[in-house]
Amino acid sequence: MDSSSSQVDGTPDRRWPDWHRWLLKLLEATNRLRLPGPSVLPVAGAVVGVYAGLAAGLFANLIALVSGLTFGFPRLVDMLRAESGTRLELAEAFAEARWHFEYLIVGIPLGLGALVLARLMLPGGPRDEVKRRLQVLGLLVLGALSLYYPLVALAALNAVLGHMHDPGSGLERLPVWLVPLLPMLGGALVGHVLRNRPEAHGHGVPEVVKAVEREGRLPARDGVLKLVASAITIGTGGSAGREGPIVFGGAAFGSAVGRTLGFSRRELAILLASGAGAGIAASFNAPIAGAIFAMEIILRELQLRVFSPIILASVTATMVGRGVMGNAAMIRRVGYSMVSGWEIVFYAALGLVTGLLAYAFIRLMHDLEDFFQGRKAGGLSAFLGRQPLPMRAALGGLLVGGLALVHPVVWGTGHESINEAAVRALSLSLLASGCALKLVATALTLGSGGSGGTFFPMTVMGALAGGAFGELLHSAMPGITAPSGAYAMVGMGGAVAALTRGPLTGLMMVYELSGNYAIILPLMVTCTIAAALCHALVERKVGVDLHALRRTPVRAMVTWVEPVGPELPARVVREQLLTAPVAALPVRAGDGQLVGVVTASTLGERWPRGESEATVATLADLMRPVSPDMSVGEALALMDERSLDALPVQENGRVGVVTRVGLERFLGAKRRAARPEPAVAATEIPR
């Protein structure tokens, strides 16, 4: 027998080394590798979370650098002097920085391994998609490592220079004449940056919600512009929050990654929400609140299939954010608890107060937007509307700087005022005046054309309002009420819940930040009432004819898909559902008649019992297909009657599916679009 041939019995030639045979088996297994979208989505979510954490760290350092320019560089000059001890401080800061070299040990093999695996795969067919996904994920992992360590070094430098703190705490070092001038210059610069990019305007979170409702796409360039513009606004004294740009940036990056990996529209929306939630998790050092924010506010659904990417994104973002920005709690841990049962009534009243506060802020902010854009009656509004954006934003900054002369909470984020309210370091007059001035200043900053978020300023207002409310109660009834600091913390949650109409987000955010389980019951009461009240006030103001909307044909909400046959096994149908654009598929019999619909939830319930015939909702619920001209109200009523989440649709040989989620999103989008002002998504409450 030829020496190069195998043995007659088919066993491998023993002269081949073992490693060579194992290598051949590895290559064969590599070329059989498949990476469908649902299996890659959790990994992509984790990678997006890493970059959201990096974006949060970069944004915090950008604000610190702008703040350093604002307050001067006396520490930097001192550091460069040979006799100064600041160099020693810098060395200590670098030594104590959170380098986390274990990230290198884990990340480099993962990134290089993905690239090598992609290199070993033969080209052609489905393998091309697998190769591209492996290459993209490998390069993203290595890129994240190359960005993390310079950011840690920059954060250590800013900490030594004294810039990594609340900008308002250094306000007393500025000359009085410079306090109104700096926000004015910052507003002019931001207006210049955004003057030709109207799509980059807004508060960040509403644009993300609208992107999820539409095509799931956000331009990455707008995310970068928003980060830069918001850093300038906050660093020069404008009253705004940093979470909006981070949410937008994280979502934009998630959208870009999803498009590069070839994800479906549904997978794009999940990845976009993962980036948004990761931004909240990294900004507030609150991973649970970030995940709930993504599901409750961005996606508006709490389903198992979206958990993995969102949870992993929040975890990785928080880990990276802690490495760059530190692990210190944003709120000083104070052990408050309920003193008496009467306090539930008082916390319910606090929910009414914070709900009204959030609604007043929403109305004022949008009224000022209209005023500066010339949409209000009067000659002054018309004059301002004719002016370029830099001039309008500069005027708003000048007014905000004037308010900062009255109260330091106006300057920047006002973060330190939350802690002062929590530990009762502010008098009743300072609490009440600070809340009112912060409300006006934030509305002026954003309404005139500045850039930033509304989420964090609302937490400051809620803390100050809750503190003032608690001071009044505690002075009148000290025996049955907790100190005002407890009401300040609960007021934060109520204000956030009212602004976002997301009670779970407000509740979990404050619980994570405070670390105090004893206030969970007051938080539940206050957040629920505040969100319900603000929602009712906003909807009453909008005045949309819901009955007319429900008469709209469902045609625009139909997703046209390929049907499945009732003879298919559940395993095959399940795989098709995982890759379908919606979580339902129409079922067409052999005679061409559309007989029902199969949903992911129904199939999931029957799948564990191994019922392979579970290819329709239930065999007893076979239904006639509906027409695309059926109204939204009739479709929802039919779903309720039959306990279904989807209906099959047929027209001229085409078959499709209309889902309950799609109909509800349509109603929500129409309510926002019906507002006389430009629509703002629910996260920051539409006008």
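Buried means under 20% relative accessible area, and that cut-off will come in handy for the views below. The model shown here is predicted.

**View 1. A stacked pair of rings, F94 and W99.**
Let's start with W99, which counts as buried because its relative accessibility of 18% is under the 20% limit. Its ring partner F94 is partly exposed, at a relative accessible area of 29%. The ring centres of F94 and W99 are 6.2 Å apart and the planes meet at 25°, so this pair is stacked. It belongs to a set of 13 aromatic pairs in the structure.

**View 2. F101 and Y149 stack across the sequence.**
Here is another stacked aromatic pair, F101 with Y149, at 5.9 Å centre to centre and with 10° between the planes. These two residues are 48 residues apart and link distant parts of the chain. F101 sits in the loop between α4 (86–96) and α5 (102–120), while Y149 belongs to helix α6 (residues 127–161). Y149 is buried, with 13% relative accessible area. If you widen the view, ring pairs join F94, W99, F101, Y103, Y148 and Y149 into a cluster.

**View 3. E296, a buried acid without a salt bridge.**
E296 lies in helix α12, which covers residues 287–299. Although E296 is buried, no salt bridge is found for this residue. Its nearest side chain of opposite charge is R300, 7.2 Å away; a salt bridge needs the nitrogen and the carboxyl oxygen within 4 Å. What E296 does have is a polar contact of 2.7 Å between its side chain and that of T505. Setting aside residues up to four places away in sequence, E296 touches G502, P503, L504 and T505.

**View 4. V208 in the largest nonpolar core.**
The largest nonpolar core holds 144 residues, and the members touching the most other members are V208, F284, F293 and I298. Take V208 as your way in: beyond its neighbours within four places in sequence, V208 is in contact with L218, V247, F248, A251, L272, A276 and I298. There is also a second, separate core of 14 residues, with V626, M630, V632 and V649 among its members.

**View 5. R363 and D367, a salt bridge within helix α14.**
The structure holds 4 salt bridges, and this view shows the one between the side chains of R363 and D367, at 3.8 Å from N to O. Both residues lie in helix α14 (residues 343–372), where a spacing of 4 residues separates them by about one helical turn. R363 is buried at 12% relative accessibility, whereas D367 is partly exposed at 25%.

**View 6. R375 meets D370.**
The closest N and O atoms of this salt bridge are 2.5 Å apart. D370 is buried, with a relative accessible area of 5%, while R375 is partly exposed at 42% relative accessibility.

**View 7. R424 and E471 bridge distant parts of the chain.**
R424 and E471 form a salt bridge whose closest N and O atoms are 3.4 Å apart. The two are 47 residues apart: R424 is in the loop between α17 (415–422) and α18 (428–447), and E471 is in helix α19 (residues 455–476). R424 counts as partly exposed at 37% relative accessibility, and E471 as buried at 17%. Elsewhere, salt bridges with shared partners join R363, D367 and K376 into one network.

Definitions and conventions:
Residues are numbered from 1 along each chain as its sequence is written. This is a predicted model: local features need pLDDT of at least 70, side-chain atom pairs count only at pLDDT 80 or more; totals for chains, interfaces and linings use all residues. Side-chain values use heavy atoms; hydrogens and water are left out. Buried means under 20% relative accessible area, exposed over 50%, partly exposed in between (1.4 Å probe, protein chains only). Lys and Arg count as positive and Asp and Glu as negative; His and the chain ends are not counted. A polar contact is a pair of N or O atoms within 3.5 Å; within protein, one must be able to donate a hydrogen and the other to accept it, and residues adjacent in sequence count only if both atoms are side-chain atoms. Contact means heavy atoms within 4.5 Å. A nonpolar core is a set of buried Ala, Val, Leu, Ile, Met, Phe, Trp, Tyr and Cys residues joined through side-chain atoms within 4.5 Å. Rings of Phe, Tyr and Trp (its six-membered ring) pair if their centres lie within 6.5 Å; planes under 30 degrees apart count as stacked, over 60 as edge-to-face and the rest as tilted.
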